[in-house]
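Colleague: I should like to go through this structure with you. Please begin with the sheet and then turn to the interior.

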Amino acid sequence: MKKVLGALLLGATIVSAFIAYSMYTNHSAKQTAAIEQKQAAKKAEKKTEKKKKPVLKVEDLTYQLKDSRTGQVMKEFKPVHYKDKDLYDQEIKQLASELAKGIDTPMQNIKMDANGSLTGGSKQIILKEAELVKNLQNLNTKQLDVKVPIYETAPNVTAASAQGIADVSLASYSTRFRPNDTSRNRNVQLSAEAINNVVLGPGDSFSYNQTVGERTAERGYQPAPEIINKQLVMGIGGGICQTSSTLFNAIDGAGLQVTARSHHSKHVGYVPAGRDATVSWGGPDFKFTNNKDYPVIIKAYANVNTGVLTVDVRTSQHAI
């Protein structure tokens, strides 16, 4: 009897264990299936989200053009033609040119007064158009700020470096004019006064138009003959090209670097052929740079009694 009861008890235990195992297995399978189902649902959801999320394109975004000096926003820009390279390049070059017009400022050179003190002067400000164009050609969807490269250069002259600056002549050049041509002579005289005592430090640039300024009746300039399209016509400021041409020959003799010069449309009598430098407000300019490692001063004298204009480029004895 005991053996029978033991066998029955063992059987019941085995059955119970089997049932428990089956229940556990079924439960685990259900849990696994549920987890797998959830994971599949999440994957499907992510896929859907991915499909729904729009792909960012450069041409759909708005960029902030910021001043490289201050970080200030100068302009907002939407590159709608980004995919059309030729059209886009044309557009951004025009944009760079327009921005530069409102930024570019020529250097105002320092002058030396009658007491030997340095006066005036202001820095040159330049927007590097080619650099801005390159920045706009390399836009991306992650960086919406675009640097507008603006550089400032102050006159490179100090009171110490200008000591004795008028001691030695590097080069001098003279031209002649008719003493009885009073209107024209007044223009020569005014323009000579404007460039007289200009001091250029190493690397400093000079613009004749910027230094002399606009030639107007209000500023004392007189009507006098000037050359336009191979013809002599009357114009306010006629004769100032004699000053710019005399200046060119003096600075060329001193070995300074000419950066912009144009010829008249016909020969002028006060300098040899090809040695002139025509200028016009809003038109041709005469420019040069002091490529020496020491400062120089420009001395200009127009003697209306003798009819002689002289430009002398000088520096200090210890500089050379």
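Colleague: What is the strand order of the open sheet of 3 strands?

Modeller: This is a predicted model, in which local features need pLDDT of at least 70, side-chain atom pairs count only at pLDDT 80 or more, and totals for chains, interfaces and linings use all residues. Residues are numbered from 1 along each chain as its sequence is written, and side-chain values use heavy atoms, without hydrogens or water. Strands (E, at least two residues) and helices (H or I, at least four) are DSSP runs numbered from the N terminus, and two strands pair if DSSP finds at least two bridges between them. The pairing in this open sheet is mixed, and the order is β2-β1-β6.

Colleague: Why is one side of β2 and of β6 left without a neighbour in the sheet?

Modeller: β2 (73-77) and β6 (145-148) stand at the edges. One side of each is therefore free of a neighbour in the sheet, because each has a single partner strand.

Colleague: Which residue of β2 is the bridge partner of Gln64?

Modeller: Strand β1 covers residues 63-67 and pairs with β2 in the antiparallel sense over 4 bridges. The partner of Gln64 in β2 is Glu76.

Colleague: Is Ser191 buried or exposed?

Modeller: Ser191 belongs to helix α4, residues 182-195. Buried means under 20% relative accessible area, exposed over 50% and partly exposed in between, with a 1.4 Å probe and protein chains only. The relative accessible area of Ser191 is 0%, so Ser191 is buried.

Colleague: With which residue does the side chain of Ser191 make a polar contact of 2.7 Å?

Modeller: A polar contact is a pair of N or O atoms within 3.5 Å; within protein, one must be able to donate a hydrogen and the other to accept it, and residues adjacent in sequence count only if both atoms are side-chain atoms. The side chain that joins that of Ser191 at 2.7 Å is the one of Thr243.

Colleague: Which element gives the most to the largest nonpolar core?

Modeller: A nonpolar core is a set of buried Ala, Val, Leu, Ile, Met, Phe, Trp, Tyr and Cys residues joined through side-chain atoms within 4.5 Å. The largest has 36 residues, and Ile195 and Ile298 are among those touching the most other members. Elements supplying at least two residues each include α4, β15 (296-303) and β16 (308-315). With 7 residues, the element that gives the most is α6.

Colleague: How many residues are in the second, separate core?

Modeller: Val58, Phe77, Ile92 and Leu139 are included in this core. Its number of residues is 21.
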